[in-house]
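Colleague: Hi! I'm new to this one, so could you walk me through it?

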Amino acid sequence: MSTTPHDALMICEHCDTVYRRRVLTRGDVAKCARCQAILERHHGLSRNAMLALVLTAMIMFVQANIWPIVTLGLNGQENSATLWGTIIAMWQQDAKVVSVLAAATLFFFPLVKMISIGWLLLFARSGRRAPGFVPMMVTLHYVGPWTMSEVFVLGALVAIVKARVYFDVIAEPGIYAYAVLTLLITVFASVDLRSLWELTSEKPA
Amino acid sequence: MSALPRASDLGVIGCHVCRLVSSDPFDHDHPDHAGHGDVATCPRCGSALHRRKAASYSRSWALLIAAFMMYIPANLMPIMRTASLNDIDDNTILSGVVELWTKGSPDLAVIVFTASIVVPMLKFLVLGTLLITSQRGTDWARPQRAKLYRLVELIGYWSMLDVFVVSLLTALVRFNVLSLVEPLPGVIFFGLTVVLTMFASMTFDPRLIWDGRETHE
Ligand SMILES: [Zn+2]
Ligand SMILES: [Zn+2]
């Protein structure tokens, strides 16, 4: 076994079992024989298609942040909430911890994620490493679990239903932009970006 | 020789950030054998290499216990105050679920109940069980325990649901003259519970499930 070059090996992150890598074809999912965790999955998306998805996600993200999410009407009075309006409201109501959490998981981390994925893919299309490749890939690894836009969409739905008891509530375009964003995130979640470590040459562009 | 060799059997180590496989500097047969306190870094991404996440048991226990201590006030204290001309109402997580149920959205009530109550409880139970059984090195139900860990990792962050609901309602109703929604301290404790349980499950090393006594046979 010591003759096998290390880059032909892969280790299951969940149980430390060592495997020889095999070439995956469309639709293949390699699973760990010991713990059943997914080792690697083949995804049919080309890097160009992924880049197009990231750009769409960015446009949706901007709109989800500019447009109001929900509007509430009572006796002719109307209030709209945007994401930042929500973050600021929590800060002013002395729930600063919540305000910071929301800003991080709903704005800053998704933003960092989209910008760095877009940047990395832009260069990966021609098999190159983008400037800043290593720090960005490491950052993506740590930011990964901390983006919560999809939870926010469900939260908005619950908030609408709760508020509807007392007020006229209108779902605004912002929430739809968020819903589309959520769909795009789901597509992205199935793509293991760590394959970029192998697919791009070591030398930075 | 096992049919499924583990990294330590082959003298290799996997980077937990970029997954590169390299020869294990902590292995005794390695030419520049690294000592106990030494730091070895991944040749590809520069992250520190560990055979197992550092101090996984003590850190994970500490975070889990801290999370549980936050979870008690999160449930007992109200998370939101709704006030209108004729009444003031303080909602806890549970009363919010009941309200949704009685106001005609039982399906959403079930979702909120799952995210706010079932998921955190499941995390405490599963992580506690994993920590105890792995520390004992038992080989009981290993594939099932591995699966439970991945489930907890996957669904954990959905508990943030109620925190976002309170935030949105606060922002919406705030400027209304006739009524008011305010966040109350319970929501802060709940947000902290979610963050701490997420950290607790991240610091637990699932490879410990498989380590047990027979590892070095
Ligand atoms: Zn495995
Ligand atoms: Zn690495």
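Modeller: Happy to; we can start with how the chains meet and then look at some single residues. Keep in mind that this is a predicted model.

Colleague: Good to know. How many residues of chain A are in contact with chain B?

Modeller: On the chain A side there are 71, and they meet 67 residues of chain B. The area buried between the two chains is about 6,300 Å², and carbon and sulfur atoms give 71% of that area.

Colleague: And how many polar contacts and salt bridges are there between chain A and chain B?

Modeller: The rule finds 12 residue pairs in polar contact across the interface, both residues at pLDDT 80 or more. For salt bridges between chain A and chain B, the count is four.

Colleague: Which element gives the largest share of chain A's side?

Modeller: That would be helix α5 of chain A, residues 149–164, with 12 residues. Sorted by class, the side of chain A that touches chain B has 43 nonpolar, 17 polar and 11 charged residues.

Colleague: Back to those salt bridges. What does Arg52(B) pair with?

Modeller: Its partner is Asp16(A), and their closest N and O atoms are 2.6 Å apart. Arg52(B) sits in the loop between β2 (21–23) and α2 (56–76) of chain B, while Asp16(A) is in the loop between β1 (9–11) and β2 (18–20) of chain A, so this pair joins two chains.

Colleague: Is Asp16(A) buried or exposed?

Modeller: Asp16(A) is buried, because its relative accessible area is 5%, and the cut-off for buried is under 20%.

Colleague: What about a salt bridge between Glu198(A) and chain B: which residue is the partner?

Modeller: Glu198(A) pairs with Arg44(B), with 3.4 Å between the closest N and O atoms.

Colleague: Let's look within chain B. What does Arg207(B) form a salt bridge with?

Modeller: With Asp205(B), where the closest N and O atoms are 2.9 Å apart. Arg207(B) is buried at 7% relative accessible area, and Asp205(B) is buried too, at 0%. Salt bridges with shared partners link Asp16(A), Arg6(B), Arg52(B), Asp205(B), Arg207(B) and Asp211(B) into one network.

Colleague: Nice, so Asp16(A) and Arg52(B) turn up again there. How many salt bridges does the structure hold over all chains?

Modeller: There are 14 over all chains. One within chain A is Lys96(A) with Asp94(A), the closest N and O atoms being 3.3 Å apart.

Colleague: Why does Lys96(A) count as partly exposed?

Modeller: Because its relative accessibility is 34%, and partly exposed covers the range between the 20% and 50% cut-offs. Its partner Asp94(A) is exposed, with a relative accessible area of 57%.

Colleague: New topic: where is Ser159(B)?

Modeller: Ser159(B) is in the loop between α5 (142–155) and α6 (161–173) of chain B. This serine is buried, with a relative accessible area of 2%.

Colleague: What does Ser159(B) touch?

Modeller: Leaving out residues up to four places away in sequence, Ser159(B) touches Ala115(B), Val119(B), Pro120(B), Phe190(B) and Val194(B).

Colleague: Last one: how is each chain divided into domains?

Modeller: The assignment for chain A gives domain 1 (1–42) and domain 2 (45–199), and their C-alpha centres lie 32 Å apart. Chain B has domain 1 (1–51) and domain 2 (56–210), with 36 Å between the C-alpha centres.

How values were computed:
Residues numbered from 1 in each chain as written. Chains lettered and ligands numbered in written order. Predicted model: local features only at pLDDT ≥ 70, side-chain atom pairs only at ≥ 80, totals over all residues. Heavy atoms only, no water. Contact = heavy atoms within 4.5 Å. Buried area = accessible area lost by both parts, 1.4 Å probe. Salt bridge = Lys/Arg side-chain N within 4 Å of Asp/Glu carboxyl O. Polar contact = N/O pair within 3.5 Å; in protein donor to acceptor, adjacent residues only side chain to side chain. Helix = DSSP H or I, 4+ residues; strand = E, 2+ residues; numbered from the N terminus. Nonpolar A, V, L, I, M, F, W, Y, C, P; charged D, E, K, R; others polar. Domains from an automatic or database assignment. Buried < 20%, exposed > 50% of the residue type's maximum accessible area, 1.4 Å probe, protein only.
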